[in-house]
Amino acid sequence: MPRFVRPANNYDEGLQHERTALAWERTSISMMVVGVILARFAAESAHPVVAVGGLVQTAIGAGVLVWAGWHYEDLHGTLRDNDPVVHPIAARLLGLGTLGFSGFALVIAILVAAFDW
């Protein structure tokens, strides 16, 4: 996939591509924060496997952050070509991953609270 050079002026005065890139970055940063919190909590008072799960979530969030930065540069050329900028598969995978890891963290928190695990 060719890399596009950032233009001197904005393609769209509404800055939708900047907002989209920032939304991906916020999502990935929140994934990393939740992963670090889960890993720290699990390392201190839960099972080590749970801590590894938190570290995996942090790594996935970091990967999404790198991808968002890479993808931002491609948005300018995509917008000029009137191609769609949304990647439905990436959005679904990110949503399912966040939902799965958050549900896993919730189950662990309930087990710890209910059974003093």
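**Close-ups of a predicted three-helix model**

**View 1. Ile 29, a partly exposed residue.** With a relative accessibility of 42%, Ile 29 counts as partly exposed, because that label covers values between 20% and 50%. Keep in mind that you're looking at a predicted model here. Ile 29 sits in helix 1, which runs over residues 16–45. It also has company: together with Val 33 and Ile 37, Ile 29 forms a nonpolar patch on the surface. Add up the accessible area of these three and you get about 270 Å².

**View 2. The largest nonpolar core.** Now for the inside. Seven residues make up this core: Leu 38, Ala 42, Val 50, Ala 51, Ala 105, Ile 108 and Val 112. Helix 1, helix 2 (48–80) and helix 3 (88–115) each chip in with at least two of them. Helix 3 gives the largest share, 3 residues. Apart from this core lies another one, of 5 residues, including Trp 24, Met 31, Ala 68 and Leu 94.

**View 3. Who does Ala 42 touch?** Leave out residues up to four places away in sequence, and Ala 42 touches His 47, Val 50 and Ala 51. Val 50 and Ala 51 are also fellow members of the largest nonpolar core.

**View 4. Helix 3 from end to end.** Helix 3 has 28 residues, and from its first C-alpha to its last it reaches 40 Å. That's close to the 40 Å you'd expect at 1.5 Å a residue. Its buried residues are Leu 94, Phe 101, Ala 105, Ile 108 and Val 112. Just after the helix comes Asp 116, with a positive phi of about 50 degrees.

Conventions. Residues numbered from 1 in each chain as written. Predicted model: local features only at pLDDT ≥ 70, side-chain atom pairs only at ≥ 80, totals over all residues. Heavy atoms only, no water. Patch = residues over 30% accessible without salt bridge, like charges linked within 9 Å, V, L, I, M, F, W, Y side chains within 5 Å. Areas by Shrake-Rupley, 256 points an atom, 1.4 Å probe, with all protein chains shown as cover. Salt bridge = Lys/Arg side-chain N within 4 Å of Asp/Glu carboxyl O. Helix = DSSP H or I, 4+ residues; strand = E, 2+ residues; numbered from the N terminus. Buried < 20%, exposed > 50% of the residue type's maximum accessible area, 1.4 Å probe, protein only. Core = buried A, V, L, I, M, F, W, Y, C linked by side-chain atoms within 4.5 Å. Contact = heavy atoms within 4.5 Å. Expected span 1.5 Å × (residues − 1).
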